[in-house]
Amino acid sequence: MSSMESFLGIGIVLLLIYSAVITILLIKRSRRFARRVTQFKKNRRNTDLSIEKELRFQEAADEALRLNQTFQKFVPKQFVEHMANTDVDNLGLGYASENEVAIMFCDIRGFTGFSERITPQELMNFLNSYFTRMNDPIHQNSGFIDKFMGDGIMALFDHPGGTARDKAIDSLNAALDLRKALTIYNGHRKNSNYAAVNMGIGIHFGNVIMGTVGSDDRMDTTVIGDSVNIASRLEALTPKYQADIIVSAQVLQTLGAGYPIKTRLLDWVRVKGRQAPIEIYEVLSHLSDIEQAARISVQAKIAAGLACRINKQWDEAIAYFETALAVNPNDTLAHHHIDVCRIYRNIDLDDDWDGALVLQ
């Protein structure tokens, strides 16, 4: 074998060895790459699963929030929060708690006749439009709507962390704001050629029992008590006294001095379902300055006549009321008291009669 052939043989061997080394390195790299690809895919699958779980959790949280928001439309959030504040873990049947609150009832005047003149669909549209506008003045003054009752609203004012005075202030501010909202609403109704509507508002302050009633498969929250009955009766008296807002003496006593609100004494009454009589007052602050002045101008005569009526001094009482009527001929309150005196002086009253007008 020549030296040339020997050199070529060595070159071929070296080339084969080099090729083998390169192949081995490529195989190793390929395997490492394959392992990396496998790990990448695994990591990606884990990441996808993690993202999928997060999405499922977020969807569940969103659904819970939607359900909670829907639930609050049926059960006021403040009601549930009140229960939570008393260490009640579950909203169970039969729960009861006593609380001191301001109670408001609000009702549309002449609703029965009004509802008979429109179709059922028009009636539902009207109620929803009306309630939507009356909702905000209550909520903006730390109150919440406990119930819609036909055309009526029952609202509670339980100022979180506030005093009894705060609750009374909230209820009166809400009443005045409701009257403002009604004025705006009637302006819109006039623009659409709809008749104006009016409302009566009654407010009382006192203890109530907040709790749950029903059965195992149907439960509802409720607020009961003498104070609730009084607030309801006060609202029912608004047409009789032709007053927009009637409040009890307890509300004004809780309010205390220094709060800028104008009122006048209406009567000394015993409402249905209650033995003890109460003083009732008309709120005047939402009326025009002229109307406020006219009603306040006869306040002293009305109060003096009422004191005489309580003492069965019928002629003296009537004289005071007639004087009030001469000052303000348009004041229906004076007419009311004159009629009451003329009726009662012809009734054989008990010796212990306390002067309260009995109202059904």
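User: Let's start with Asn 328. Which residues does Asn 328 touch, not counting those up to four places away in sequence?

Analyst: In this predicted model, Asn 328 touches Ala 294, Arg 295 and Val 298 once the sequence neighbours are set aside. Asn 328 belongs to the loop between α10 and α11.

User: Is Asn 328 buried or exposed?

Analyst: Asn 328 counts as buried, because its relative accessibility is 10% and the cut-off for buried is under 20%. One of its contacts, Arg 295, is also buried, at 16%.

User: Arg 295 carries a charge. How do I read a salt bridge, and which residue does Arg 295 pair with?

Analyst: The general idea first: side chains of opposite charge can pair when their charged atoms come close. Here, the side chain of Arg 295 meets that of Glu 291, at 2.6 Å from N to O. Both residues sit in helix α8 (residues 289–296), and because they are 4 residues apart, about one helical turn separates them. Glu 291 is partly exposed, with a relative accessible area of 30%.

User: Which salt bridge links parts that are 30 residues apart in sequence?

Analyst: Look at Asp 315 and Arg 345, whose side chains meet in a salt bridge of 2.9 Å, N to O. Asp 315 is in helix α10 (residues 314–327), while Arg 345 is in the loop between α11 (332–344) and β9 (357–359), so the pair ties together parts 30 residues apart in sequence. Asp 315 is exposed at 55% relative accessible area, and Arg 345 is partly exposed at 37%.

User: Which residues are joined into one network by salt bridges that share partners?

Analyst: That network consists of Arg 264, Glu 282, Glu 291, Arg 295 and Asp 331. The whole structure has 12 salt bridges. Among them is the one between Lys 167 and Asp 158, with the closest N and O atoms 3.2 Å apart. Lys 167 is buried, at 9% relative accessible area.

User: Now the hydrophobic side. What should I look for in a nonpolar core, and which residues touch the most other members of the largest one?

Analyst: In soluble globular proteins, nonpolar side chains tend to be buried together. In this chain, the largest nonpolar core has 44 residues, and Met 104, Phe 126, Tyr 130, Ile 201 and Val 247 touch the most other members. Helix α5 gives the largest share of this core, 10 residues. A second, separate core has 30 residues, including Ala 243, Ala 317, Ile 318 and Leu 333.

User: What is Ile 201 in contact with, leaving aside neighbours within four places in sequence?

Analyst: Its contacts include Met 104, Phe 105, Ala 175, Leu 178 and Ile 246. Charged residues appear on the list too, among them Arg 179, Glu 235 and Asp 244.

User: How should I read a pocket, and how much space lies in the second largest one?

Analyst: Rolling a probe the size of a water molecule over the atoms shows where empty space is left. The second largest pocket holds about 320 Å³ of space. It is lined by 14 residues, and Phe 114, Glu 122, Phe 126, Arg 189 and Tyr 194 lie nearest its centre. The elements giving two or more residues to that lining are α4 (120–139) and α5 (164–191), and the largest share, 5 residues, comes from α4. By class, the lining has 6 nonpolar, 4 polar and 4 charged residues. Phe 126 is thus a name to select twice, once for the pocket and once for the largest core.

User: How do I spot distant parts of the chain coming together, and what share of contacts do residues 24 or more positions apart account for?

Analyst: Compare separation in sequence with distance in space. For contacts with a separation of 6 or more, residues 24 or more positions apart account for 67%. As an example, Gly 152 and Asp 107 are 45 residues apart in sequence, with C-alpha atoms 4.3 Å apart. Gly 152 is in strand β3 (residues 152–157) and is buried, at 2% relative accessible area. Not counting residues up to four places away, Gly 152 touches Cys 106, Asp 107, Phe 131 and Lys 147.

User: Last one: which backbone angle should I check at Ser 142?

Analyst: Check phi, which is near 60 degrees at Ser 142, a positive value in a residue other than glycine. Ser 142 is in the loop between α4 and β2 (143–149) and is partly exposed at 31%. Gln 242 also has a positive phi, near 50 degrees, and lies in the loop between α6 (226–241) and β6 (245–248).

Note on methods. Residues numbered from 1 in each chain as written. Predicted model: local features only at pLDDT ≥ 70, side-chain atom pairs only at ≥ 80, totals over all residues. Heavy atoms only, no water. 1 Å grid on protein atoms, 1.4 Å probe; cavity = no way out; pocket = protein on both sides within 12 Å on 5 of 7 lines; lining within 4 Å. Points joined across faces, edges and corners; volume = space filled by probe spheres on them. Salt bridge = Lys/Arg side-chain N within 4 Å of Asp/Glu carboxyl O. Buried < 20%, exposed > 50% of the residue type's maximum accessible area, 1.4 Å probe, protein only. Contact = heavy atoms within 4.5 Å. Core = buried A, V, L, I, M, F, W, Y, C linked by side-chain atoms within 4.5 Å.
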